[in-house]
Each structure stands twice: as structure tokens, then as C-alpha cells.
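Visitor: Got a minute to walk me through this one? I'd like the overall picture and then some detail.
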Amino acid sequence: MSYTTSKSPIERIIDYYVRNVPHATQRRLSTWVFRFLVGATVIVVGFPTYVMLKASIQPELELFSNTFLFVPRNPTLGNFAGLFTETSFARFYLNSIVAALGTMVISVVSATLAGYSLTRFSFPGKKRLAQSVLFSYMFPPLLLALPMFMIWRDLQLLNSYPGIILAHSAHALPFDIWLMWKFFQTVPISYEESAWIYGASRLRAMRDVAIPMALPGIIAVSIFSFAISWSDFTFANLLLTQESMKTLPIGMLGFIEQQAVNWGFIMSASVMMALPAFLLVYFLQSYLLRGFSVGGLG
Amino acid sequence: MSEIRIENLRKVYDVPRGKEVAVEGSTLTVPDGDFLTLLGPSGCGKSTTLRCIAGLENQTDGEIYYDEDEVSDRLAQERDISMVFQEIALYPHMQCIDNIAYPLKVRGVPKDERYERAREVAATLEVEELVEKYPAELSGGQRQRIAIARAIVREPRAFLMDEPMTGLDEKLKVRMRKELKRVVEETEQTVIYVTHSQEEAMMLSDWIAVMSDGEIEQYGTPNEVYREPNNRFVASFVGMPEMNMWDGETDGATITVEIGEQTVDLEVRNAADDAERKAKSDIEERSSDDVEIGFRPQALSVVSEGEGDFDADLDLVEPMGENSLCYVDSPIGEIRAVEDSTEGLSEGTRIGVKLDRHEGYVFDRESGSTIARTGEAPPGSDGVSGRAATDD
């Protein structure tokens, strides 16, 4: 085997493995390697989640003991109960939900209309406009939030739902519009034209034909907008200073900054906070994946 | 169902560098219940014409009439027509029955009634058992049928089709053509059909408008378009394989074609006693003595050397099923001839080419228009293999 001189030692090992190890063994080995990788991923992602879930039902004494317990010895819902009785958690939760739903509605409606117009109408500078929209998404939130604070103050929008919803929508919209623009590009105009021919008005054709065909995009936009609002810290921190208006992320910060760090509260609040996001993605993923194979028709 | 008339239709697009004329002053009439095909190569303006008739494009100039109603400025929604698109455009999120019933739904027909009507139409197109399915579950031909069903579910004033057979394979095209012809005849629709396939045009139409560069080159029955082309473009675009065109010279009575060393003399047919040619332009109107002469490959036969009108080299014989297409190499370029029997023909040998003398067309070299036919007028209409839809 004189020609093997050009091969690196690793290549030689692979060569040896491929040629001399029985195929059955190779197959078994690759199965196990695959299982190991999956297992490792599950542990890395799953363990913190597990700790969060476990800690949320452990009483404080158990949390601060030096022994790490995999199964809580005295499971309790006390942390959750405490969240509602001892803190303004319920209020934060309500605020977050109002902000997220508002952002979702405004973003979906505006992004759908914007995406539709960008693909269906022509006006001067259209392409540049569409591109600059995406560019504005590149601004760090803080850069937007500071001037927003000043403007919102003048408009008396600080500490109000419309204020935070507008801020979150402004942050989510550039990407949403870009996404809907791309989605409507995949819906051929002839589908709407055929609806017009059959007597449907422009709006009706949009409702009956274009929007259902762009539905996966609309779902993606709503999930994205919800997530932006739900997890936002920067805007909420600047624009919502009043305790009763705070959203979850900044509200929860209070659990740390007060006299002591209350891990029981933080963990149970985290569980509660993960819940809506989880449910939203879980129920909408089927829509996301149910391909209306637009390209496969015709 | 209506008669459709367009007058001086013009469509100019604004493009980054000036203006582009898509349709240049087209005028034509489709009689009520007839089938018109707009035939032409891609980019000739046929689809634009159709889209103007449908109201999907605004014409720059000219008028469009459905019967006596001028619809030029009406929206597509108000024109009361149907259209099948090249993309077929069945709504993927609706079951086929909802697709078919959609035109009725828009018009506010109650659900039971529109489903009943949709099923009826589906039955006409033999797709009853598919109505519960989604378009993605159907084959190309089935989608086509559903699309046609949707177009005829309501009784529109006209039925427009924009290259609807493009996505189908050859065999299916032939079947769908027959199907379409049957349905259209049953419903007595006025149809305007756009295609680049002369086969489709010949088979389906009552009338053909041949277009090129935004202008209608000829408007007539399939038979007329094939047998009496107005000009060089129509002559070479319609007919398979393409017509042979040679340069020649005329003195008004005979035409001389030089093929290398050999010359062929052809007589000009007397237009006065030729019914088909009477109303057309005449050899006396020629712009110069330089003409072009055209023979369809079907009017040429390959014979033994010395027995034809001139001799040349047989280059290639291409079987086309029943007959064969012979490519003949000559000093004036490639000559195509269709032969029934290729027995005794071997590629690379010297052969004779015989012309069917009354099948030649004479074109003005400068303007391209047909100015004469050659030879005596034939007694019947034999020797023409093109068939016209009006004949059956």
C-alpha cells in the first residue's frame, strides 16, 4: 500500500475501520453513537428545565440544604400559592399577556397588509423600502428604547398598555413584514386573479385566497411577535416604571433585588412564564408544519 | 354567452427604458358560441390580449365589447366571465367541491344549491368521485378537469383559457383537448383560448388569430390559415414541419428558382379563376421581382435521381411514426420533405426532389405577404393534410 503515504493518520484509522470491522458491528456502533448524542443533547437542554420544575415544588428549606435532591422529599405547591398571595405576580402575568397578545394582533394585521401590498402593488422605491425595513431590525433594542422613552413620555404613553404594545410591535414588525413579504411572494397572483374573475372583490380575494395560502407565514409571525413581547426586558424596563404595570421579566427581577433571593418564587414563576410560550408553539406547530404545498400545485 | 369584439386594442407597457408595445391595434370578433384561438410564439402579445379581454390588464387604447355592452373600463369582477389559468390556480386550502362552487359562493348562492350545481358540473367532467379531495391529492389531468368545472359552473358570458394544457404530458393533452371540445360544445360557450401549439389551435378552434409582435397576422378558420396563409410568418408558423422557403425571381407569369446550377420554373396561378385567392393581394402588387417561394414539406417528394424537378443529397431520414421526415442538403440550404415510404432511400445518396406544383406559395420578399400561388388550381382540396375543426 505505497499510495497511503499521502493519507493522514486519522484517514488511515477510518480506512482501517471501514475495511476491517464487520458491517454488523459498524451498524451497531453507529446506532449507539447516535443514541449517545441524542442523550447528551437531552441532558444539556433538559437538566436545567428539570431543575426548574423540581425547584418550583420544593419548600425553601429543602432548596437551601446542601444535599442535591433529584426527587423532592416534600413536594409542595406553596411556592405557587405564595406567588399569588405574597407578590404582584398575577398582575405582572396579566400585564405580560395583554402586552403579548396586543403585540401579536397588531403585528399580524400590519405585517399581513404590508407583505400583501409589497408583493401586489408597485410604487416607486418599493424594493428599497422593503430592504430598509429589514435593516431597521438590526438596531439594538436599547438604541430604540431610549428615544422611545422620551417620545412616550411626551405622549403620555409611559406605563400604559398601548405604549408597551406599540414598542414591542415596532421591534417585532421589521422581521414580521419581511417574513410576510417573502410568504406572499410564494402565492402566485393568478390565484387571486381567478377569484377576481369569478366576481370576488380585492379584499374578498385576499381573505378567501391569499391569506389562507399564506397562513403558515401568519402563524410564524404570530409566534415570533408573541415571543418578542413575552421575553422583552429592555423596552419594558424603560417604559414601565410603575409597579402595577410591570411585565413578568422585570417584575421577576424584584424577587431578586428585594431583601433576599427567593429561589422558590423565581423557579415557580419561571415555570408559569414558560407555560404560555410552550402551549402556543405546541398547538400552532401543526399549522406551521402542515404544508399547503403552494409550489407543488400547478 | 356573448359575441366578443375587440377594436383597435393597444397595450403599451412602461419599461425602465421607454415603452414596450405588447399589442398593436388588434381588431377581431368572436361570434357567440364560437371557439377562437389566439395562436403565436411566446411574447407575441396573445396572453396580453386575453388579459385585456378579461379585465386583468387595462388596455392603453381601443374598445372591448361583449355583445353591445362596452366593457373596456369595467373591472374583471364586473365582466361576468370565466378563466382558466396556465397555473390552473385551484385553491389548495379548499376541497375540490368548494373550489368548483367558489364562483357561486362569491355570488351568494346558498350552500345546498351551489354544492348541487358543483356536483352536476363535476359529473359532466367525470370527476364526481374526486370532489371531496384537496387539489394537492390530484394528478395534473384531474386538476385540469376541476379547473374547467369551476370555470363553467356559473354560466359566464365567455370562457377564457390561457395556455391551460402547458403542464400536461403529450398523451394527456390529446385526451384533455377532446374532453374540452366536448364540454365546450355541450355548453355552447364562447371561448377564447391562448396557445402556442398549432396542433391545439387546429383541433379546437372555429377561428384562429395568428399573432406575432403584438399584431394579428391573420384571422380565419383553421383551414384558411393553413391553406391560404396571409404572409410568410403565418405560412411558416402554422404547419408541421416548417415550410421550405426559397428565394426566386418573377416576371409576373413565371417564377424562377435557382438551386445551384439547376433552375426550376414555376407558373403563377391565375388569381381570377381561383376562388380561394380572389379577395387577396395579387402578384401585380409585388414590390419588386424578388420573391420568396414556399412549399410545405408535404408537397415535396423524394424520387430517384433525375426524375424530380431538381437533384440534391439526402442527408438524414427521421422517422415520425407513419411517415418520415427527410432532410435534403442542397445549395440553397436544408430542404425538408415528408415521405410515406422510405424504402430504397439511403442517407448520403443523390436523389431527386419533386414538387407538387400547385402547392407552392409566393411571398413578396420585402413585405412578406402572400401574393400568389403556383400552378393550376387543384380541382378539389386534395393534397392538403391539415384538417380543420370546422369540418367535423
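What follows is a short chat about chain A, from its fold down to one glycine.

Guide: One thing up front: this is a predicted model.

Visitor: Fine. How many helices and strands does chain A have?
Guide: Chain A has 14 helices and zero strands. Its pattern along the sequence is α-α-α-α-α-α-α-α-α-α-α-α-α-α.

Visitor: What's the radius of gyration of chain A, against a compact globule?
Guide: Chain A has 26 Å. A compact globule of 298 residues would be near 19 Å. The C-alpha trace spans about 70 × 65 × 35 Å along its principal axes.

Visitor: How much of chain A counts as buried?
Guide: 40% of its 298 residues. The accessible surface of chain A is about 16900 Å², and carbon and sulfur atoms account for 71% of that.

Visitor: And what share of the contacts joins residues at least 24 apart?
Guide: 71%, counting contacts in chain A between residues at least 6 apart in sequence.

Visitor: Switching to charges. How far apart are the mean positions of the positive and negative ones?
Guide: 13 Å. Chain A has 20 positive and 13 negative charges.

Visitor: Now helix 10. What does it reach, end to end?
Guide: Helix 10 of chain A covers residues 202-213, twelve in number. From first C-alpha to last it reaches 15 Å, close to the 16 Å expected.

Visitor: Which of its residues are buried?
Guide: In helix 10 of chain A, the buried ones are A205(A), M206(A), D208(A), V209(A), A210(A), P212(A) and M213(A).

Visitor: What do they pack against?
Guide: In chain A, helix 5 (89-120), helix 8 (161-185), helix 9 (189-197) and helix 11 (215-231). Helix 2 (96-106) of chain B also takes part.

Visitor: Is helix 11 mostly covered or mostly open?
Guide: Mostly covered: twelve of the 17 residues of helix 11 of chain A are buried. Among them are P216(A), G217(A), F226(A) and W230(A).

Visitor: What span should helix 11 have?
Guide: At 1.5 Å a residue, its 17 residues should span 24 Å. The end C-alpha atoms are 24 Å apart, so the two agree.

Visitor: Back to helix 5. Is G115(A) buried or exposed?
Guide: G115(A) lies in helix 5 of chain A. G115(A) has a relative accessible area of 0%, so it is buried.

Visitor: What is G115(A) in contact with, leaving aside neighbours within four places?
Guide: M180(A), W181(A) and F184(A).

Visitor: And how far is G115(A) from V271(A)?
Guide: 36 Å in space, C-alpha to C-alpha, and 156 residues in sequence.

How values were computed
Residues are numbered from 1 along each chain as its sequence is written. Chains are lettered from A and ligands numbered from 1 in the order in which they are written. This is a predicted model: local features need pLDDT of at least 70, side-chain atom pairs count only at pLDDT 80 or more; totals for chains, interfaces and linings use all residues. Side-chain values use heavy atoms; hydrogens and water are left out. Helices (H or I, at least four residues) and strands (E, at least two) are DSSP runs, numbered from the N terminus. The radius of gyration is taken over C-alpha atoms; the globule rule is 2.2 Å times the number of residues to the power 0.38. Buried means under 20% relative accessible area, exposed over 50%, partly exposed in between (1.4 Å probe, protein chains only). Contact means heavy atoms within 4.5 Å. Accessible areas come from the Shrake-Rupley method with a 1.4 Å probe; for residues, only the protein chains shown count as cover. Lys and Arg count as positive and Asp and Glu as negative; His and the chain ends are not counted. The place of a charge is taken as NZ of Lys, CZ of Arg, CG of Asp or CD of Glu. The expected span of a helix is 1.5 Å times one less than its number of residues.
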